[in-house]
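This briefing introduces a protein structure to a reader who has not met it before. Please keep the sequence and the model in view while reading the points that follow.

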Amino acid sequence: MQILNRLEETRSLDPVVEKLQAAVSAAVKPQRLRDLLHGTWLGHALHPVLVQVPVGAFISSGILDLLPGTRRAANTLVFVGVAGAAPAIAAGWVDWSQMTKDRQRLGLVHASANAIAVSLYAASLVARLRGRSGRALSFAGLSVAGLGAYLGGHLSYARGAGVNQAAPALARIPTEPTVVGSLASMPEGKPFVRNVEDVPVLFYRLGDRVTAMIEACGHETGPLGEGDVVGSGTDACVVCPWHGSVFRLTDGGVVHGPAASDQPLLRVQVADGVVSVSV
Ligand code: FES
């Protein structure tokens, strides 16, 4: 853990990080492609889904390599793993390009370990196609892939990369209705921020209907209350000022990434002209 903490603070990696970030941004420009790779259409980060293919194929091939009479099946799985790594790598780099610097430093080491692992498996595949065993290269690849997976798990579970950063704020909203104010005091068709307990909440009113969502962007907690509004009425969306994620104001739905999840909504009640919210 001390090594990982030190890696996150290793500023000497920054020139490489910045060059790679520019390269990824230049290589993956169309918004549709970025949304596809972020998993915005899925409501969930796509990278952890895609990595199941190479990881599953590589582990399975390793088991078959230890059994007699399964050489052909093992070779096929090594091919599936190498081919399946490409989309997982593309999705990973696009997510990485929009992370905070400390996560990017660790993510760079995660990606490097996985690049070495896939190269070892590719070399193993070539050896197998030439009639050689290729098993030593595969097992070396599996060992390095294990390190890459450990770093990926640390990035997500210990450092929160790829998770909905707005979700913890929802847990601080009271379960009992909390009065926010009168409906008449709320501007029509223009989002505004009010605190519920200590949590900033973004409100949007259309007639008698009020939507309330956590104001901190689910991607990296950018202040949505400071974002631009595009469209109007039921089509109105807020654009996060930090990395440009777009959310519908009427239901918190994510329209464009890098955020992959909808903004968490609060339950809203309007009774006798008074607006209350609860979790
Ligand atoms: S914080 Fe990154 S898009 Fe909002």
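Strand 2 and strand 3 (residues 199-206) are joined in antiparallel pairing by five bridges. The model that shows this pairing is a predicted one. The chain is assigned two domains, domain 1 (2-158) and domain 2 (167-278). The points below begin with the sheet that holds strand 2 and strand 3, and then turn to other strands, the domain interface, salt bridges and single residues.

**The sheet of strands 2, 3 and 4**

- Three strands make up this open sheet, in the order 2-3-4, and their pairing is antiparallel.
- Strand 2 (192-196) and strand 4 (209-214) are the edge strands, each of them paired on one side only.
- From one strand to the next, the twist averages 35°.
- Within the pairing of strand 2 and strand 3, V193 has L202 of strand 3 as its bridge partner.
- The loop between strand 2 and strand 3 contains E197. The phi angle of E197 is positive, near 55°, although E197 is not a glycine.
- As a general point, the strands of a sheet pair through backbone hydrogen bonds, in either a parallel or an antiparallel manner.

**The sheet of strands 5 to 8**

- A further open sheet consists of four strands in the order 5-6-7-8, again with antiparallel pairing.
- Its edge strands, each pairing on one side only, are strand 5 (228-230) and strand 8 (254-256).
- On average, neighbouring strands of this sheet are turned by 30° against each other, direction ignored.
- Strand 6 (residues 237-239) and strand 7 (residues 246-248) run antiparallel and are connected by three bridges.
- One of the paired positions is V239, whose bridge partner in strand 7 is V246.

**The hairpin of strands 9 and 10**

- Between strand 8 and strand 9 there is a loop, in which P258 lies. The peptide bond leading from G257 to P258 is cis, and its omega is near 20°.
- Strand 9 (residues 267-271) pairs with strand 10 (residues 274-278) in the antiparallel sense, over five bridges.
- V270 has V275 of strand 10 opposite to it.
- The two strands, 9 and 10, form a hairpin with two residues between them. In the turn, D272 shows a positive phi of about 50°.

**The two domains and their interface**

- The centres of domain 1 and domain 2, taken over C-alpha atoms, are separated by 36 Å.
- Contact between the domains involves 12 residues of domain 1 and 11 residues of domain 2.
- About 790 Å² of area is buried between domain 1 and domain 2, and carbon and sulfur atoms give 46% of this area.
- Seven residue pairs are in polar contact across the interface of domain 1 and domain 2, counting pairs with both residues at pLDDT 80 or more.
- Helix 3 (residues 31-38) gives the most to the side of domain 1 that touches domain 2, namely three residues.
- How many salt bridges are counted between domain 1 and domain 2? The count is one.

**Salt bridges**

- The structure as a whole holds eight salt bridges.
- R103 and E220 form one salt bridge, in which the closest N and O atoms are 2.5 Å apart.
- Another salt bridge brings together the side chains of E8 and R159, at 2.7 Å from N to O. This pair links distant parts of the chain: E8 belongs to helix 1 (residues 2-8), whereas R159 is in the loop between helix 8 (135-158) and helix 9 (167-170), and the two residues are 151 residues apart.
- In general, side chains of opposite charge can pair when their charged atoms come close.

**V144 and its surroundings**

- V144 is a residue of helix 8.
- Which residues are in contact with V144, once its neighbours within four places in sequence are left aside? They are A113, I116, A117 and L120.
- V144 and S112 lie 32 residues apart in sequence, and their C-alpha atoms are 9.8 Å apart in space.

Terms used
Residues numbered from 1 in each chain as written. Predicted model: local features only at pLDDT ≥ 70, side-chain atom pairs only at ≥ 80, totals over all residues. Heavy atoms only, no water. Pairing = 2+ DSSP bridges. Axes fitted to C-alpha atoms, helices over the stretch in contact; angles between N-to-C directions. Domains from an automatic or database assignment. Contact = heavy atoms within 4.5 Å. Buried area = accessible area lost by both parts, 1.4 Å probe. Salt bridge = Lys/Arg side-chain N within 4 Å of Asp/Glu carboxyl O. Polar contact = N/O pair within 3.5 Å; in protein donor to acceptor, adjacent residues only side chain to side chain.
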